[in-house]
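Q: I'm new to reading structures, so please pick one part and take me through it slowly. Start from one spot and work outwards.

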Amino acid sequence: MALTLHSTAFCLGTFASLPRNSLTFRQRTTVRASGFSCPRFNVKGKAFPGDGLPQTEESPLVVCFGEMLIDFVPTTSGISLAEAPAFKKAPGGAPANVAVGIARLGGSSAFIGKVGEDEFGYMLADILKENNVNNQGIRFDPGARTALAFVTLRSDGEREFMFYRNPSADMLLQESELDFNLIKKAKIFHYGSISLITEPCKSAHIAAAKAAKDAGAVLSYDPNLRLPLWPSADSAREGIFSIWESADIIKISEEEVSFLTKGEDPYDGTVVRKLYHPNLKLLLVTEGPDGCRYYTKEYSGRVKGIKVDAIDTTGAGDAFVAGILSQLSIDLSILENEDKLREALMFANSCGALTVTERGAIPALPTREAVFNAMLKCVA
C-alpha cells in the first residue's frame, strides 16, 4: 500500500512490502484518539490489509554495535531508587534496543557486543534471538559480569541512571573478537559513544566502524550521552567528537546539542549547524514529545511529534532511531528527497511515542503493525 502525503501529512510509500493501493491524506484538524494527539486526515482508499509486515529475509542488514545490559526500572514513578518498592527487569542498552526495534518493525538487524558468561548474559543473547536479531556477533566474557543499570523514573517519565559496570563485560570486547564477515554485510552500521569510554572496547569500536565503512556501509551515530560513565564532561565531549566526522547520519537530543556546544541554545538553527560536518548526510535533533528537527546540506525543517501519556521514556530515542534506520536501509534515496524524509520521520516519531507508553526499553518497542494501527486510529 502506498500512502501519498506531502509536507504536512505522512506517507508510507517508502515502507517495504506494502501493497500498492493508493491512499491520500490531507490534514484538517487535530483530534485525540487512544491517548494520541494526531493530525486528522481525509482518507481515500482501503485500510491496511494483512499485518503489513515485510519479508525480513530480503531486507538490507543493519548491524548495531555496542552495549547490551539489564535495566532495572522501578514499578512506581516519581520516587528515588531507595524508596522503590520493586523493580521490573528489562533488557536494554541503546544499540541493542535499536537492533530489536528494527527487527520488530520487520527489518533485518544484527548485534555485535559482549556480555558476561552469566545468567543475564545468556538471557540477553536469547532475547535477541527471540526477537529475530542476528546474535552471532555476541561474545561472552568468563571474567566479567553483564552490565546492570538502575533507572529512576521521575513523575514525568524522564530518567536518571545508576550503573554497575566496574568493569562490565561490554567494556572488554576486543578487536580480535569481532565478526568482520557480519560487519561487512551491513548496509547501515549503527553505534553509540559508550563503547568509546575505555579500552579495549574503544579500539574494537573504531576497527569495526572502519571495516563497515570500507565495505560501503552507511555509518549511523547516536552518541547517547551518559555523563556518569565518563571520567569528566570534557572527556565525554572529546570522546564523542573523536569519531564525529566519520558518521554519515547523526542523531542527537536537544540536551546533547547544548552539552556539545557548551551551553549554546539547542533551538537555534545556527548553533545546530555548527555540528554539521562536510561529509554528513543527515543530522537529526530529537525533542521528545515535540518531534524532531532534520538538517541536510540542502534543507532543514521540523516534524511534529505525537502526544502520548508518558509512563517511561526509556528507549524512546532508540525506537525513533530504529524507525528511521528501518526506512533508510530499504531506500537511501530518502536522504535526497525532503518529502520522503519527512514521511519517514513521522513514522520514526510514532515509534518513539508508542515506546513511552510502557515500562522498559526492549519490552516496549513497537511492531510495524502496532505503529500502523496507531496511525489508523489517528485518521479514524
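**A charged pair and its surroundings**

A: Let's begin with Lys-114, which is buried, with a relative accessible area of just 4%. Anything under 20% goes down as buried, so Lys-114 qualifies at 4%. Keep in mind that you're looking at a predicted model.

Who does this lysine meet? Its side chain forms a salt bridge with that of Asp-141, with 3.1 Å from N to O. Lys-114 belongs to strand β7 (residues 108-116) and Asp-141 to strand β8, so the pair ties together parts that are 27 residues apart in sequence. Asp-141 is buried as well, with a relative accessible area of 11%.

This pair also has company. The whole structure holds 13 salt bridges, so let's look at some others. Asp-222 pairs with Lys-251, and their closest N and O atoms are 3.5 Å apart. Asp-222 is in the loop between β12 and α5, while Lys-251 is in strand β13 (residues 249-253), so this bridge links parts 29 residues apart in sequence. Both ends count as buried: Asp-222 has 3% relative accessibility, and Lys-251 has 10%.

Now look at Lys-274 and Glu-264, whose side chains meet in a salt bridge of 2.8 Å, N to O. Lys-274 sits in the loop between α7 (269-273) and β14 (282-286), and Glu-264 in the loop between α6 (254-260) and α7, so the parts being tied together are ten residues apart in sequence. The surroundings are another story here: Lys-274 counts as exposed at 55% relative accessibility, and Glu-264 is partly exposed at 29%. Back at our starting pair, salt bridges with shared partners join Lys-114, Asp-141 and Glu-177 into one network.

From strand β7, step back along the chain to helix α1 (residues 94-104). How much of that helix is covered? Eleven of its eleven residues are buried. Among them are Asn-97 and Arg-104, along with Val-98 and Ile-102. Just past the end of α1, Gly-106 takes a positive phi of about 100 degrees. In the same stretch of chain, the backbone oxygen of Leu-105 is 2.6 Å from a polar atom of the Arg-368 side chain. Arg-368 itself is part of helix α10 (residues 368-379), and it counts as buried with 1% relative accessibility.

Two of those α1 residues turn up again when you look at what Leu-325 touches. Leaving out residues up to four places away in sequence, Leu-325 is in contact with Val-62, Val-98, Ile-102, Ile-188, His-190 and Ser-220. Leu-325, Ile-324 and Leu-345 have the most contacts inside the largest nonpolar core, which has 55 residues. Helix α9 (residues 338-355) supplies the largest share of this core, eight residues. There is also a second, separate core of 50 residues, which includes Leu-178, Tyr-191, Ala-208 and Val-271. In soluble globular proteins, nonpolar side chains tend to be buried together.

Now for the backbone, where a little background helps. Most residues other than glycine have a negative phi, and most peptide bonds are trans. Against that background, Asn-132 has a positive phi of about 65 degrees although it isn't a glycine. You'll find Asn-132 in the loop between α2 (119-130) and β8 (133-141), and β8 is the strand that holds Asp-141. Asn-132 counts as exposed, at 60% relative accessibility. Asn-224 isn't a glycine either, and its phi is also positive, at about 50 degrees. Asn-224 is in the loop between β12 (218-221) and α5 (233-241), but it counts as buried at 12% relative accessibility.

Which peptide bonds are worth a look? The one from Asn-166 to Pro-167 is cis, with omega near -10 degrees, and Pro-167 is in the loop between β10 (159-164) and α3 (180-183). Another cis bond joins Glu-199 and Pro-200, with omega about 10 degrees. That proline is in the loop between β11 (188-191) and α4 (201-214).

Key: Residues are numbered from 1 along each chain as its sequence is written. This is a predicted model: local features need pLDDT of at least 70, side-chain atom pairs count only at pLDDT 80 or more; totals for chains, interfaces and linings use all residues. Side-chain values use heavy atoms; hydrogens and water are left out. A nonpolar core is a set of buried Ala, Val, Leu, Ile, Met, Phe, Trp, Tyr and Cys residues joined through side-chain atoms within 4.5 Å. Buried means under 20% relative accessible area, exposed over 50%, partly exposed in between (1.4 Å probe, protein chains only). Helices (H or I, at least four residues) and strands (E, at least two) are DSSP runs, numbered from the N terminus. Contact means heavy atoms within 4.5 Å. A salt bridge is a side-chain nitrogen of Lys or Arg within 4 Å of a carboxyl oxygen of Asp or Glu. A polar contact is a pair of N or O atoms within 3.5 Å; within protein, one must be able to donate a hydrogen and the other to accept it, and residues adjacent in sequence count only if both atoms are side-chain atoms.
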